[in-house]
Amino acid sequence: MHRFFIPKPYKQEMQITGRDAHHIMDVLRMGTGDQLQVVADDGISFVGEITAVSMNTVTVSAKEILRETHEPDVRISLLQGLAKGEKMELIIQKAVEIGVVEIFPLAMDHSVVVLDRSKAGKKTERWQKIAEAAAKQSKRDVIPAVHEVIKLSQVLQEENWDLLVIAYESENRISLKEVLQAHKNAKSIGVIIGPEGGLSNEEVKAAQEAGGIAVSLGRRILRTETAGLVAAAAILYETDNLGI
């Protein structure tokens, strides 16, 4: 069943507008009597029946509140070094599908990609749309936020997690699994992933001074578009959030 997000608190009757209304009417060819899933911005999701359609609005009436959550009970924030080409789009799409709750695109010391302010703003808008589409497809109960491009140092100053891990290719003693087992009560976890050029020594030091722990993701060196997804999946598995 198709799922749509409405940026308003739950009510018995709600309206879907804009691009989503167009998609429902003109692409899915749905009309009165058809059912779909709706998620309100207060986290309440329900099966709704279409009761009316107009040029720009689809009205739905709630028929059944959905009690089962699709969200993990650990909040994973992906701090991802900017990757070139379409890699960032792939990373964001798959991270949302896996269960990451927010993504911070990082302009890092060894980033190949350099975005000026205007380009960065347009990229962020596109990335957020990709996150929304992935959230709908994977039946998420929230649309993960894709933040504006930012420096690692600024994120470390402004954000805080129960556990912060640094996926560092030079770390060969401490595994991600070991750290997770030592922090079983962590409910919010930040994961730092370097760009194609890797993390600089200064960035690793700054993250460690902020409480971050450098970890290994295994015996093989992973590409930047792979590392964050592996780390997120490993965290969800270790915390019993994959359901497999």
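Is F46 buried or exposed? In this predicted model, F46 turns out to be buried, with a relative accessible area of 0%. That makes a handy starting point, since F46 also takes part in one of the aromatic pairs.

The count of such pairs comes to 2. A pair of aromatic rings is described by two things, the distance of the centres and the angle of the planes. For Y10 and F46, the ring centres sit 5.4 Å apart and the planes meet at 70°; edge-to-face pairs are those with planes over 60 degrees apart, so this one is edge-to-face. Y10 belongs to the loop between β1 and β2, while F46 is part of strand β4 (residues 45–53), so the pair ties together parts that are 36 residues apart in sequence. The two partners don't share the same surroundings, though: Y10 is partly exposed, at a relative accessible area of 25%, whereas F46, at 0%, is buried.

The other pair brings together F104 and W161, and here the ring centres are 6.3 Å apart with the planes at 90°, so this pair is edge-to-face too. Again, distant parts of the chain get linked: F104 comes from strand β7 (residues 102–107) and W161 from the loop between α4 (152–158) and β10 (163–167), with their positions 57 residues apart in sequence. Both F104 and W161 are buried.

Now for the pockets. The largest one has a volume of about 430 Å³. It is lined by 25 residues, and the closest to its centre are A167, Y168, E169, I221 and L222. Which element gives the most to this lining? That is helix α7 (residues 224–238), which puts in 3 residues. Sorted by class, the lining of the largest pocket holds 10 nonpolar residues, 7 polar ones and 8 charged ones.

The second largest pocket comes in at about 360 Å³. Of the 18 residues around it, F5, I6, P7, D20 and E132 are the closest to its centre. Several elements chip in at least two lining residues each, namely β1 (3–6), β2 (13–17), α1 (18–27) and β3 (35–40). The class breakdown for the second largest pocket is 8 nonpolar, 4 polar and 6 charged residues.

Strands β1 and β2 thus turn up in both parts of this account: they supply lining residues to the second largest pocket, and the loop between them holds Y10, the partner of F46.

Key: Residues are numbered from 1 along each chain as its sequence is written. This is a predicted model: local features need pLDDT of at least 70, side-chain atom pairs count only at pLDDT 80 or more; totals for chains, interfaces and linings use all residues. Side-chain values use heavy atoms; hydrogens and water are left out. On a 1 Å grid over the protein atoms alone, a cavity is a set of points where a 1.4 Å probe fits but cannot get out, and a pocket is an open set with protein on both sides within 12 Å along at least five of seven lines; lining residues have an atom within 4 Å of a point. Grid points are joined across faces, edges and corners, and a volume is the space filled by probe spheres set on the points. Helices (H or I, at least four residues) and strands (E, at least two) are DSSP runs, numbered from the N terminus. Ala, Val, Leu, Ile, Met, Phe, Trp, Tyr, Cys and Pro count as nonpolar, Asp, Glu, Lys and Arg as charged, and the others, Gly among them, as polar. Rings of Phe, Tyr and Trp (its six-membered ring) pair if their centres lie within 6.5 Å; planes under 30 degrees apart count as stacked, over 60 as edge-to-face and the rest as tilted. Buried means under 20% relative accessible area, exposed over 50%, partly exposed in between (1.4 Å probe, protein chains only).
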